[in-house]
Amino acid sequence: MPSFTSPDQGEDLEACVLRFSELDLKDTRLINPSSSLKAELDVSTKKKYSFAKKKAFALFVKTKEVPAHPFECKEKWWKCCQQLFKDRIGIHRHVATQHADEICRHTASVLKQLAVTLNTSKSLKPADDRNPLKGYLTCNREVSAWLPDVSCFSPDELIRGQGSDEGEVLLYYCYCDLGDPPWVCAWQMALCQHLRLTGKVRIATEGINGTVGGSKLATRLYVEAMLSCPLFKDYMCKDDFKTSKGGACCFPELRVGVFEEIVPMGISPNKISYKKPGVHLSPGEFHKEVEKFLSQTNKEQSDTILLDCRNFYESKIGRFQGCLAPDIRKFSYFPSYIDKNLELFREKKVLMYCTGGIRCERGSAYLKAKGVCKEVFQLKGGIHKYLEEFPDGFYKGKLFVFDERYALSYNSDIVSECSYCGAPWDQYKLCSTPQCRQLILTCPACQRRGFTACCVTCQDKGSGLASSPTQSSFKEECECTARRPRIPNELPQPV
């Protein structure tokens, strides 16, 4: 693995890293070389901070690389924020001005990893003693050594069939302790670029979460690379990768980064760990439990709750029959939702589900930690795996996905309606007001009548922007957001 230290850094590395461990890297005083705090740092410490920031910057820029046009003399360009940059100066200027916060976060990750490296360099962890190959991988191997050999394939073979009909999208996650997220990040960037994959990959000390698309050949090689890597092969199998029709076209770019959580619940993994989840049920076992629940005549008095852990716009177009679907906009609101409605779950058996299973891992751990439930179960592999076995089962409607397809269809049921006329409709579009990123359900008839925004307020703002081209942005204050409580209360209110 590429080392974070260089020969000229000296033996004072430990002291300088420990000094960084308590710093808030979002503090702009740390970025400004003329600040008083920066001036007070000793020369050695300044070098370590500069080294970490440069490494974070370089890693971020590398994630934006795309192949240049075949007729260009250059081998690569860069794509970021839907802009194409043909020279290194342009992409560097863009990243420095538009992504400063992300660079700060990645700098923090590099510095934290320096501290981890220092603490583990004198003696290997017990896990490394049991698995010398893993220690060798994380300490001595370059990223390029862990890329699959594609010399027997032509470049055309790797990209052939990347379209939505012939290509493939992989959805997967793996919770496992990773000692060096920045190295895994660099490897994933190189691996995806090597195989011409696009998508999103999140890496943290608690594991990895990815959704990537490309040709079926490329995705097969990607799975083989993941399962052969010593960091993951003891934790993953082929069944952990959910597949669907798609390809590189489903994602505008490749985004790989280091984060605190591999799915953003908003609570540190040190407080709520993936190691204490609910009981996993196979799709078949979950199907039987749902069947038993739905057969009860009085579901309101049932001792079972079928809980959807997804966001409201996901459950709106598809959900299990009889489920409780929280009207929340982000998964990071889920813990607050549980806290506000805790009595709802007292002495209940909870059956949880989400898209691929990842949100249930720590969502169930959070609910279990409250100590009020009788039992907590979760659907292993999520809705994806359930629909593979039971396409006409108890899940009705479409499955929302976080890419440009928006939804996958496994059955013909439509459970949602047009926001304007109420006609059955389940195909999302983005709000027509450019600065708004909300999804809207508006049928073709209403679209022809001009109803293309998420709400009347946003539609008026869009018209105002069209007539005032100098106004380029506004804060989202949509009517449909304002009228929805951030954290809904499901408990009966006192009379």
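This dialogue treats a pair of helices and the cysteines of a predicted model.

User: How are two packed helices described in general?

Analyst: The description rests on the angle between the two axes and on the distance between them. In this predicted model, helix α10 (residues 181–194) and helix α11 (residues 216–228) have axes that come within 10 Å and cross at roughly 155 degrees.

User: Are α10 and α11 roughly parallel or roughly antiparallel to each other?

Analyst: An angle over 145 degrees counts as roughly antiparallel, and α10 and α11 are therefore roughly antiparallel to each other. Their crossing is right-handed.

User: Which residues make the contact of α10 with α11?

Analyst: Helix α10 contributes W187, Q188, L191 and C192, while α11 contributes Y222, A225 and M226. Sorted by class, the residues of this contact are six nonpolar, one polar and no charged.

User: What is a disulfide, in general terms?

Analyst: A disulfide is a covalent bond that joins the sulfur atoms of two cysteines. In a model, a pair of cysteine sulfur atoms must lie within 2.5 Å to be counted. By this rule the count here comes to zero disulfides.

User: How far from C309 is the nearest cysteine sulfur?

Analyst: The nearest cysteine sulfur belongs to C360 and is 4.0 Å away, and C309 is in no disulfide. C309 is buried, and its relative accessible area is 0%.

User: Which cysteine has the sulfur nearest to C455, and is C455 buried or exposed?

Analyst: The nearest cysteine sulfur is that of C454, 3.9 Å away, and C455 is likewise in no disulfide. With a relative accessible area of 4%, C455 is buried.

Methods: Residues numbered from 1 in each chain as written. Predicted model: local features only at pLDDT ≥ 70, side-chain atom pairs only at ≥ 80, totals over all residues. Heavy atoms only, no water. Axes fitted to C-alpha atoms, helices over the stretch in contact; angles between N-to-C directions. Helix = DSSP H or I, 4+ residues; strand = E, 2+ residues; numbered from the N terminus. Parallel < 35°, antiparallel > 145°, perpendicular 65-115°, else oblique. Left-handed = near helix turned anticlockwise from the far one by under 90°. Contact = heavy atoms within 4.5 Å. Nonpolar A, V, L, I, M, F, W, Y, C, P; charged D, E, K, R; others polar. Buried < 20%, exposed > 50% of the residue type's maximum accessible area, 1.4 Å probe, protein only.
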